[in-house]
Structures are given as C-alpha cells and as structure tokens.
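Colleague: I have not looked at this entry before. Could you take me through it by question and answer?

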Number of protein chains: 2
Amino acid sequence: MAIRQDIHNSEIPALCRSCEARHRGVCGALTPEQLVELSRHTTKRKVEPGTVLVSDSDTIDSYANVLAGVVKLVKTLPDGRQQIVGLQFAPDFIGRPFKQESSITAEAATAVRVCAFPKTSLDRMIDQAPELGHRLHLQALDELDEARDWMLTLGRKTAAERVASFLHLIARHGDPEAESAGEISFDLPLTRADIADFLGLTIETVSRQLTKLRKDGLITVENNRHITVFDLDRLERRANI
Amino acid sequence: MAIRQDIHNSEIPALCRSCEARHRGVCGALTPEQLVELSRHTTKRKVEPGTVLVSDSDTIDSYANVLAGVVKLVKTLPDGRQQIVGLQFAPDFIGRPFKQESSITAEAATAVRVCAFPKTSLDRMIDQAPELGHRLHLQALDELDEARDWMLTLGRKTAAERVASFLHLIARHGDPEAESAGEISFDLPLTRADIADFLGLTIETVSRQLTKLRKDGLITVENNRHITVFDLDRLERRANI
DNA sequence: GTCTTCGCTTGATCCAGGTCAAGGCGATAC
DNA sequence: GTATCGCCTTGACCTGGATCAAGCGAAGAC
C-alpha cells in the first residue's frame, strides 16, 4: 500500500496529468486505482527523430500516448512510394484497439516523448472503465474526420493549396511560439521530404510552393524550419479551406 | 404488450436480422426490448439514386443503416470540386455519433434502402447498451483503416493503379453475381463521374483506363456497368495492393 | 418516325507537377 | 583550414493526366 501510494503520488500522475489536461489523453479517463495499476507496466521513453515506434510488419503489442513531439503515421507501397496518413501530436493516443496488426508504421518525426504500455493491460481496462472506451471512440472519430478532410486535399487540391493547407494544419495543431492579430510563428515538425509524403507531392514542388508563399509575402522562413505566417486568413484563402 | 409483441415479431426484427447477419449493423447489438423501443421511431425508406440522405450544411438529427444499395460520402470545395471520401455498403451505419454536425454529405449512389432512426433515441441507447457503443467504435476504426488505405491511393498511386484499386474494392465489397477461380462479375455501383470523384481523377481518365484494362484482356464491360474481372490476382498486381 | 438528353468514349492539345541535374549552406569530422 | 554529408533550393526539361472538343448509342419525349 505504501508502495502504491508512492507511485501514485510521484512519477505517473504527473506524467498523466499532462494527458488529462487536453482532450485526447487516455489517462484522464482512469480512476486513481487504475492509474496505479497501469503505471506498473508503463514506460516513459524519449526517442530520436526517425525511431520506429510501431512497424507495419509486426504484431502490435503495445499502445502509447504522445507526451511531446510529433509522430507520423506512414503507409508504404511495395516499390517504396510513401504516404503519411496522419500526424499525432501530444497527447494523442497511438495504437489500433481490437486488432493484432496494422498496415501502418508509426515513426517519430521530431524528438518525441512517449508513454508506452502493453496492449493487454489497456485492453483489460477498456472493459472495466467505459469512460476510457468512450475516449478512444472519440479519438477514432476525430481521426476519421481528419483523414477524410485530408482525402479531399489529396484528391482534389492543387500543390499550392496543399502546401497552404499543411501550414494551416501545423499552425493549428503545433505549439505556436507567438501569436497575435492573425500573425503566428511555429517550427515545422517535418522535413521537406516528410511534407512531400504528407501532401502527395515531391520535395521540389513543396520547396517551390514555399518559395512562392515567401515571395508573395505571406510567410517568412528561417533556418528552413521556423515559419512566420503574417495573415492566417490569407493563408486560409490560399488553402481553400 | 400485444402491440409490442406485434412489432417485435413482424416488421422490425426481420429488417434488423439482416443487419445482424453481418458485422457492422447496429441492430444486432440490441436486446429484443431495445429493438422494440427503437422500432417505434424507425422508418424504413427506399430512395432513388442522387437522394441526399445527410447534407453537410444541416445539423445531424438522425442515423441510418444501409440495408441495400450503396451510399457515397462526399466532400465539396467552395468552387465545386468534389471528393468521395467513403462508400457505405449494407449493413453499414451512417452518421457521426457525439457531434451535431458533419462536413460530409451522404448521398445515394444507387437505389438504396435505409433504415433511419432519430439521433436522440440511439444516443440514449448507446449509454444503456455497451455492446452497441462497442460496435460503433469498431465501425469507426474500420472506416479509419479504409480512409487511410485510400489516402495512399490518392496521394501516391497512378491513374492506372487507382482504377484497378477501385475495381478490386468493388469486387470485394459489392455483391458478386458470379465468382469462380479468380473470375468475378459485378455491377458498378457508381457512374464514371462518381468513380472519378472517388479516385481524384477526371471522367476521361477513368474511361481511358477502363478501356486499357479491356484492351489488355483483364476485364470485360457490358452496358457500361457490368464488369467481369478474369483474374483477380492480375488486377491486384496492377493495383499495387 | 425525330429530337433531346444523359452517360460514356475517343482524339488533340495543354500544362501542373514530376524528373533530372546542379549548386548552396550549415553542421559535423578530421 | 577542408572534406563530407544532409537538407534544401533552383533551373531545364519531360510527361501523365487535365482540358477542350467531337461524336456515339441507349433511353425517353412527342
């Protein structure tokens, strides 16, 4: 009991409180007792960009929560062509409940902190805590909406619209460093190659479209990573949102 | 009680048994009592192709199950460009739980029979029947997988691969009329314009690719609608599945 | 019968974005 | 210092699929 109390008051709840603060975390749906139970099997990891968290060839035996950084969900054709089918920001949940395998690879796009736990523990808890299942259901529905939004982008938008849509997405989901009166700054969490794979374009086209936005005075780019958008409304109009 | 029994034994259960038979139906997750309760508010409709079942501009106040036919989920840009982001076959569930509005229009692609019921009734039942919530969760996850598969198609496949992927999809999900030793026949549930909107192409390109498959001896087309695929494996190879 | 409409195909031409190639620039290695 | 590497940009050229245009055939309308 002393030990449980110890765990409860020290490491895990702090970690999980950060999930709870936002909408998509798993931990917020659990009772303190369940948190302690889960904490026994929880590992908090910090990984480098490029680290594969879940491979499409493996069977899935663990779930994770993103605590910081960005994770990309990638699908690959036999000949190597790739498509990023989703970006997971903190505190998103990573995993495919109710299935042993997934055809998706989850890979750290930036430096990432994750909180991982075995599939079996959480699957057991879903039965015990309806609120938890409900939260996962809500995230699945949110992700479905996002995926379908992006299908419209991939199927029908021009390169210029896609790049503007991407910047708009990051401006909304990433951590803004500065924001005032429609002006907003942020760091791109993806390389040009990743952006291309997300937008169904080539790196050259992405680069050219960013240059165009720069020359048209909508954005500035520093060190290839740091973006300032001067007028979000104008960007939205370019994105055709 | 006599009336309830009456309803229970006549119209509704027969209707719902057809849902129950497959995996995605809502009704199979309900107790007989709940079925009767739901049946009070249920309307079974038969609609023409082109009928809008859910409009993206309205607030959603009803759910539906597809009993027969195909429903297309469409997203539209302000300038009229369209993308079909999903196809619903019997006994799929149509609706967006836990949200008042959706940015998607659901429209009958073929003649369709649906079983519609008010959102409020079902939302109440989700709380009472965990099995029902679970089923809806499973369908959401399935649809998410499908949407992400299609994102790969839209972002990275060529026109030839897209058309082959589409035929492969219909061969799997549609009702096959004949099937033996890799040969399979079916009716296309979509017009060329719909196929184009599903694949992110133009009708001309779809037409040309179908002609190419025909000339290459992989398929025959009768009356623009009826397709016979001679060798599903060869089609899969063209689709790069 | 003719006329119109709708869904589809086919051909000719165009262009957005892909491909190929060269070079810039900052970071790390030696 | 210089060399190498990774990431990005820019230019020149090419091509897959879009666009424009014509026509076909089946299904009503009259």
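The exchange below concerns a predicted model, starting with one chain and moving on to the DNA.

Colleague: What share of the residues in chain A is buried?
Modeller: Chain A is built from 9 helices and 12 strands. It has 241 residues. A residue counts as buried under 20% relative accessible area. By that cut-off the buried share of chain A is 54%.

Colleague: How much of the area that chain A exposes comes from carbon and sulfur atoms?
Modeller: The exposed area of chain A is about 11000 Å². Of this, carbon and sulfur atoms supply 48%.

Colleague: Is helix 6 of chain B mostly covered or uncovered?
Modeller: Helix 6 of chain B runs over residues 159–173 and reaches 21 Å from its first C-alpha to its last. Among its buried residues are Phe166(B), Leu167(B) and Ile170(B), but also Glu161(B) and Arg162(B). In total 11 of its 15 residues are buried, so by the cut-off of under 20% relative accessible area the helix is mostly covered.

Colleague: Which part of DNA strand D does the backbone of Ala159(B) approach?
Modeller: Ala159(B) is one of the closest of the 15 residues that surround DNA strand D. Sugar and phosphate account for 65% of the strand D atoms within 4 Å of the protein. A backbone N or O atom of Ala159(B) lies 2.8 Å from an atom of strand D, and that atom is a phosphate oxygen.

Colleague: Which helix gives the most residues to the surface near DNA strand D?
Modeller: The surface near strand D has 2 nonpolar, 8 polar and 5 charged residues. Helix 8 of chain A and helix 8 of chain B each supply at least two residues of that surface. The most, 4 residues, come from helix 8 of chain A.

Colleague: And for DNA strand C, which helix gives the most?
Modeller: Near strand C there are 2 nonpolar, 8 polar and 6 charged residues. Here too, helix 8 of chain A and helix 8 of chain B each supply at least two. With 5 residues, the one that gives the most is helix 8 of chain B.

Colleague: Which base atom of DNA strand C does the side chain of Arg208(B) approach?
Modeller: Other side chains of chain B approach phosphate oxygens of strand C: Ser207(B) at 2.7 Å and Arg192(B) at 2.9 Å. Arg208(B) also has a polar side-chain atom 2.8 Å from a base oxygen of strand D. On strand C, a polar side-chain atom of Arg208(B) lies 2.9 Å from a base nitrogen.

Methods:
Residues numbered from 1 in each chain as written. Chains lettered and ligands numbered in written order. Predicted model: local features only at pLDDT ≥ 70, side-chain atom pairs only at ≥ 80, totals over all residues. Heavy atoms only, no water. Expected span 1.5 Å × (residues − 1). Buried < 20%, exposed > 50% of the residue type's maximum accessible area, 1.4 Å probe, protein only. Near = heavy atom within 4 Å. Polar contact = N/O pair within 3.5 Å; in protein donor to acceptor, adjacent residues only side chain to side chain. Nonpolar A, V, L, I, M, F, W, Y, C, P; charged D, E, K, R; others polar. Areas by Shrake-Rupley, 256 points an atom, 1.4 Å probe, with all protein chains shown as cover.
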